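Biologist: I am new to this structure. Please take one part of it for a close look, and set that part in the context of the whole.

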Amino acid sequence: MAEPVTKNADREPILQVRNLVKHFPLTQGVLFKKQVGAVKAVDGISFDLYRGETLGIVGESGCGKSTVAKLLMNLERATAGEVFYKGEDITKLTGRALKAVRRNIQMVFQDPYTSLNPRMTVGDIIGEPFDIHPEVAPKGDRRRKVQELLDVVGLNPEYLNRYPHQFSGGQRQRIGIARGLALNPEIIICDEPVSALDVSVQAQVVNLMERLQDEFELSYLFIAHDLSVVRHISDRVGVMYLGKMAEIGTDEEIYEHPTHPYTQALLSAVPVPDPEARGGRERIILSGDVPSPANPPSGCRFRTRCWKAQDKCAEETPLLAVPEALKDTGSLAAHESACHFAEEKDVVGAA
Ligand SMILES: Nc1ncnc2c1ncn2[C@@H]1O[C@H](COP(=O)(O)OP(=O)(O)O)[C@@H](O)[C@H]1O
Ligand code: SF4
Ligand SMILES: [Mg+2]
């Protein structure tokens, strides 16, 4: 097994992701399907999730965030790489062993409108995981358990016979969270859990999730497409670009001392409420679209949009590591960044 890629080595990792790859085959032909390529949705990603922490994962739409989530849940089979849960590689598990692990790793989905079955009552939705794991709540105990869960997420326990359409978006996401908690998991993978909600409701749901994290000692992988959403909840943040991890570090390292041009561009796009705070700092406008993951650029994948790109960037793939030039500086800029020319830059929004 490779060395841990993050520096919080004093803490205990609950998930260790190593060189995780997911390629979706691209086929041609109707009767005789022939593979003509692959969508490299996730292309060699490594990180740790520590017990009790929130790791935010951020990146533009299509960069592979949901695919990472599904690989961690084993809902998609990895093309290569490993996911160690308490030291056991769960990508190789099947049957009963997989079922046992799945109890401890649950998911909350982005869209509370489509992820809840409209024909099921809230009680049945929240209690559904008990069908697969009856040992957690025997039949006679389910109603009480579901009511407890409703109470825990701030909903009236008497609502259990209602249907999803009778709830607001924020309430539906509370229902989704209650279902995620039903089996008393250790890890919850949250795939853009608040992206579909109004900004005012987003904060309430994020606050609820923070409270539940303390109460139930949960570890969160919290996915968002926007750095501002994960700022308050994350202990560490990983920035993804086109199937790769561009930069990873503590929230202070990423928000105050980003060294990867992509992170710097994302941060510079965050609106600054106070124009004074903008000072003389630059705003970086990213040009061009995200290239297709079926045909990613050689070397550094960000090079087609990077204002610092040089010949080396097309020839050599930068590794995710603490940059040599920053190693002994003692600065918070000395964290892992996959760029040949990683350096700090004052960007709008980073304040
Ligand atoms: N089942 C699939 N088959 C083929 N391509 C897929 C599949 N799922 C996702 N992709 C592709 O993989 C890439 C990453 O998708 P996804 O993980 O959903 O990104 P994100 O969640 O960051 O928006 C996208 O180009 C998407 O079209
Ligand atoms: S390796 Fe080159 S292209 Fe990639 S982010 Fe760094 S400077 Fe830009
Ligand atoms: Mg997604």
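Modeller: A residue is called buried here if 20 or more other C-beta atoms lie within 10 Å of its own, and exposed if 12 or fewer do. The model is a predicted one. By that rule, 42% of the 351 residues of the protein are buried.

First, the whole. The protein has twelve helices and eleven strands. Its C-alpha trace spans about 65 × 60 × 45 Å along the principal axes. A compact globule of 351 residues would have a radius of gyration near 20 Å, and the 21 Å of the protein agrees with that. Among contacts with a separation of 6 or more, 67% are between residues 24 or more positions apart.

The part chosen is helix 5, which covers residues 142–152. Which residues of helix 5 are buried? They are V146, L149 and L150. These residues cover an arc of only 100 degrees around the axis, so they sit on the same side of helix 5. What do the buried residues of helix 5 pack against? Their partners are helix 3 (122–127) and helix 6 (169–181). On the face turned away from the buried side, helix 5 carries the exposed residues R144 and D151. After helix 5 comes G154, and the phi of G154 is positive, near 80 degrees.

Helix 5 falls within a stretch that has an entry in a record. UniProt, in an unreviewed entry, lists residues 15–267 as "domain: ABC transporter". Over residues 15–267 the chain is 35% helix and 28% strand, and the C-alpha atoms at the two ends are 28 Å apart.

For a strand to set beside the helix, take strand 8, residues 219–224, where F222 is found. F222 has 26 other C-beta atoms within 10 Å, so F222 counts as buried. Leaving aside residues up to four places away in sequence, F222 touches T54, G56, C190, V230, I233 and S234. I189 is 33 residues from F222 in sequence, yet the two are 6.3 Å apart in space, C-alpha to C-alpha.

Last, a ligand site. Around ligand 2 there are 13 residues, of which C300, R303, C306, C313 and C339 come nearest. By class, this shell has nine nonpolar, two polar and two charged residues.

To return to helix 5: V146, L149 and L150 are its buried residues, while R144 and D151 are exposed on the face turned away from them.

Key. Residues numbered from 1 in each chain as written. Chains lettered and ligands numbered in written order. Predicted model: local features only at pLDDT ≥ 70, side-chain atom pairs only at ≥ 80, totals over all residues. Helix = DSSP H or I, 4+ residues; strand = E, 2+ residues; numbered from the N terminus. Arc of directions from axis to C-beta. Contact = placed C-beta atoms within 7 Å. Near = placed C-beta within 6 Å. Nonpolar A, V, L, I, M, F, W, Y, C, P; charged D, E, K, R; others polar. Rg over C-alpha atoms; globule rule 2.2 N^0.38 Å. UniProt positions renumbered as here; feature names shortened; annotations may be inferred.
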